[in-house]
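Colleague: I would like to go through this structure with you, moving from the ring packing to the helices and then to the charged side chains. Could we take one question at a time?

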Amino acid sequence: MPLDPMPVESVSADSVPAAPVPLELLRTQPPKERADAARNRAAVLEAAARLFAEHGVEAVSLDQVAKAAGVGKGTLFRRFGDKSGLAAALLDARESELQQAILSGPPPLGPGAPDTERRVAFVEAYLDYLLEHLALVRMSETSSPGARYRIGAYRFWRHHLSLLLGDTDDPEYAAHALLAPLAAEQVTALLPELGTERIRAGLVRLARAGN
């Protein structure tokens, strides 16, 4: 879940209905990586994914990840900053898949369905993604105060929903309000008490209501 806005390649200028994606959601392509840097990055991500799956995100240290990847701890810190940056990098590919499905996939998640059905499809698809990667998303969203709202992907989700909430009095606020119960911290807290299906049903009701 990168703290930078999403990559240019995940946006198609003619695939978002009603309005173009704002320029602040775009970024220029990063310079091409050196071969050794690309190998190190791949090794770190593979080691982190394996260790997190085996032991849980909280139990794994960056020292363990660096050792398993065969790189120095300094290399890992320079590239990812901290464990939340590593979590963001691991989530990036999955977020890009969901973004592409929203922009150019089949309806109702993609274009071509009524706004209400697209909102429902989005909250269900995002919940599936969130539940699969809950610990990583939670780490990336709570690494510092307000981290969730600085994430480029969050701005994408908010913009997408604001387009689908265009008939409300304040689409931007309505988009934030619909995303609020999808915060990883809240879902983590509610899961033991409510369970997945009650959370899903509640989100669908909110998405249908719009405001």
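Colleague: How many aromatic pairs does the structure hold?

Modeller: Bear in mind throughout that this is a predicted model. Two rings are taken as a pair if their centres lie within 6.5 Å. By that criterion, the number of aromatic pairs in the structure is 6.

Colleague: What is the geometry of the pair formed by phenylalanine 122 and tryptophan 157: stacked, edge-to-face or tilted?

Modeller: The ring centres of phenylalanine 122 and tryptophan 157 are 5.8 Å apart, and their planes make an angle of 45°. Planes under 30 degrees apart would count as stacked and planes over 60 as edge-to-face, with the rest falling into the remaining class. The pair of phenylalanine 122 and tryptophan 157 is therefore tilted.

Colleague: Which helices does that pair link, and how many residues apart are its two members?

Modeller: The pair joins distant parts of the chain, with phenylalanine 122 placed in helix H5, residues 115–132. Tryptophan 157 belongs to helix H8, residues 152–164. The helices linked are thus H5 and H8, and the two members are separated along the chain by 35 residues.

Colleague: Why do phenylalanine 122 and tryptophan 157 count as buried or exposed?

Modeller: The limit for a buried residue is a relative accessible area under 20%. Phenylalanine 122 has a relative accessibility of 0%, and tryptophan 157 has a relative accessible area of 2%. Because each of these values is under that limit, phenylalanine 122 and tryptophan 157 both count as buried.

Colleague: Which residues form the aromatic cluster around these rings?

Modeller: Tryptophan 157 also pairs with phenylalanine 156, in an edge-to-face arrangement with 5.4 Å between centres and 90° between planes. Both phenylalanine 156 and tryptophan 157 are buried. The one aromatic cluster to which they belong consists of Phe122, Tyr126, Tyr129, Phe156 and Trp157.

Colleague: Turning to helix H1, which helices do its buried residues pack against?

Modeller: Helix H1 covers residues 35–55, and its 21 residues reach 30 Å from the first C-alpha to the last, close to the 30 Å expected. Its buried residues are Ala37, Val44, Leu45, Ala47, Ala48, Leu51 and Phe52, and after the helix comes glycine 56, with a positive phi near 95°. The buried residues of H1 pack against helices H2, H3, H4 and H6.

Colleague: Where in helix H4 is the kink centred?

Modeller: Helix H4 has 22 residues and reaches 32 Å from its first C-alpha to its last, close to the 32 Å expected at 1.5 Å a residue. Nonetheless, H4 has a kink of about 40°, and the residue on which this kink is centred is aspartate 92.

Colleague: Which residue forms a salt bridge with arginine 50?

Modeller: Side chains of opposite charge can pair when their charged atoms come close. By the rule used here, the structure has 10 salt bridges. Arginine 50 has its partner in the same helix, H1, 4 residues apart and about one turn of the helix away. With the closest N and O atoms 3.6 Å apart, that partner is glutamate 46.

Colleague: Which residues are linked with arginine 94 in a network of salt bridges?

Modeller: Arginine 94, partly exposed at 26% relative accessibility, meets glutamate 97 in a salt bridge with an N to O distance of 3.2 Å. These two residues both lie in helix H4, 3 residues apart. The residues linked with Arg94 in the network are Glu97 and Glu132.

Colleague: How many residues apart are arginine 138 and glutamate 185, whose side chains meet in a salt bridge?

Modeller: The N to O distance in this salt bridge is 2.6 Å. Arginine 138 counts as partly exposed at 34% relative accessibility, and glutamate 185 counts as partly exposed at 38%. The pair links distant parts of the chain, arginine 138 being in helix H6 and glutamate 185 in helix H10, with a separation of 47 residues.

Colleague: Which residue has its backbone oxygen 2.7 Å from a polar atom of the threonine 168 side chain?

Modeller: Threonine 168 is found in the loop between H8 and helix H9, and it is buried, with a relative accessible area of 17%. The backbone oxygen that lies 2.7 Å from a polar atom of its side chain belongs to leucine 165.

How values were computed:
Residues are numbered from 1 along each chain as its sequence is written. This is a predicted model: local features need pLDDT of at least 70, side-chain atom pairs count only at pLDDT 80 or more; totals for chains, interfaces and linings use all residues. Side-chain values use heavy atoms; hydrogens and water are left out. Buried means under 20% relative accessible area, exposed over 50%, partly exposed in between (1.4 Å probe, protein chains only). The expected span of a helix is 1.5 Å times one less than its number of residues. Contact means heavy atoms within 4.5 Å. A salt bridge is a side-chain nitrogen of Lys or Arg within 4 Å of a carboxyl oxygen of Asp or Glu. The bend at a residue is the angle between axes fitted to the seven residues ending there and the seven starting there. A polar contact is a pair of N or O atoms within 3.5 Å; within protein, one must be able to donate a hydrogen and the other to accept it, and residues adjacent in sequence count only if both atoms are side-chain atoms.
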